[in-house]
Amino acid sequence: MKLLVAVVQDKDSNRLSNALVEANFQATRLASTGGFLKAGSTTFLIGVEDEQVDEVKKVIQENCKTREQLVAPVSPMGGNADSYVPYPVEVQVGGATVFQLNVEEFEKY
């Protein structure tokens with residue numbers, strides 16, 4: 001048995017949740033916050049049998065797409081704010097980060 005931990009952008013979380021239900025996979029959703037952009041994200045905990053891992057990863061990949069987003073950089077700490085002109089920077093957001101863990105024991109009560 002495996003535990004997949006998938007961190008996805010909030011914009012993709014409802015679509016992924018619906019797709020997992022349609023494919024008969026149970027998941028636990030946790031609200032989380034990304035460190036880089038301080039943006040909302042959702043962490044899914046998905047327990048599956050070893051032979052189902054590829055199918056779940058495919059569902060995640062199909063429903064969590066990367067996209068470009070403009071963000072304003074944070075002003076430098078301790079620097080002269082008068083000479084600092086924040087130009088928006090285009091960064092890639094979205095997609096999913098998936099961790100795969102071995103499960104030694106599973107019990108459901």
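1. Asp12 lies in helix H1, which spans residues 10–22. In this predicted model, Asp12 counts as buried because its relative accessibility is 0%, and its side chain is joined to that of Arg15 by a polar contact of 2.5 Å. A reader looking at the charged positions of the model may wish to begin with this pair, Asp12 and Arg15.

2. A second charged residue that deserves a careful look is Lys2, which is placed in strand E1, residues 2–9. Lys2 is buried and yet has no salt bridge, the nearest side chain of opposite charge being that of Asp50, at 4.2 Å. The cut-off matters here: a salt bridge requires a side-chain nitrogen of Lys or Arg within 4 Å of a carboxyl oxygen of Asp or Glu, so the 4.2 Å between Lys2 and Asp50 does not qualify.

3. Which side chain, then, makes a polar contact with the side chain of Lys2? It is the side chain of Asn102, at 2.3 Å. When residues up to four places away in sequence are set aside, Lys2 touches Ile46, Gly47, Val48, Asp50 and Val53, and also Gln100, Leu101, Asn102 and Val103.

4. The largest nonpolar core has 15 residues, and those with the most contacts inside it are Leu16, Leu20, Phe44, Ile46, Val48, Val56 and Ile60. Two or more residues of this core come from each of E1, H1, strand E3 (40–48) and helix H2 (53–63), with H2 giving the most, namely four residues. Ile46 and Val48, which are listed among the residues with the most contacts inside the core, are also among the residues that Lys2 touches.

5. Phe44, another of the residues with the most contacts inside the core, can be described through its own surroundings. Apart from neighbours within four places in sequence, Phe44 is in contact with Leu4, Val5, Ala6 and Val8, with Ser13, Leu16, Ser17 and Leu20, and with Ala27, Thr28 and Arg29. Two of these partners, Leu16 and Leu20, are themselves listed among the residues with the most contacts inside the core.

6. For the protein as a whole, the secondary structure comprises two helices and six strands, which follow one another from the N terminus in the order β-α-β-β-α-β-β-β. Among contacts with a separation of 6 or more, 68% are between residues 24 or more positions apart.

7. As to burial and surface, 27% of the 109 residues count as buried, while the protein exposes about 7,800 Å², of which carbon and sulfur atoms supply 51%.

Methods:
Residues are numbered from 1 along each chain as its sequence is written. This is a predicted model: local features need pLDDT of at least 70, side-chain atom pairs count only at pLDDT 80 or more; totals for chains, interfaces and linings use all residues. Side-chain values use heavy atoms; hydrogens and water are left out. Buried means under 20% relative accessible area, exposed over 50%, partly exposed in between (1.4 Å probe, protein chains only). Lys and Arg count as positive and Asp and Glu as negative; His and the chain ends are not counted. A polar contact is a pair of N or O atoms within 3.5 Å; within protein, one must be able to donate a hydrogen and the other to accept it, and residues adjacent in sequence count only if both atoms are side-chain atoms. Contact means heavy atoms within 4.5 Å. A nonpolar core is a set of buried Ala, Val, Leu, Ile, Met, Phe, Trp, Tyr and Cys residues joined through side-chain atoms within 4.5 Å. Accessible areas come from the Shrake-Rupley method with a 1.4 Å probe; for residues, only the protein chains shown count as cover.
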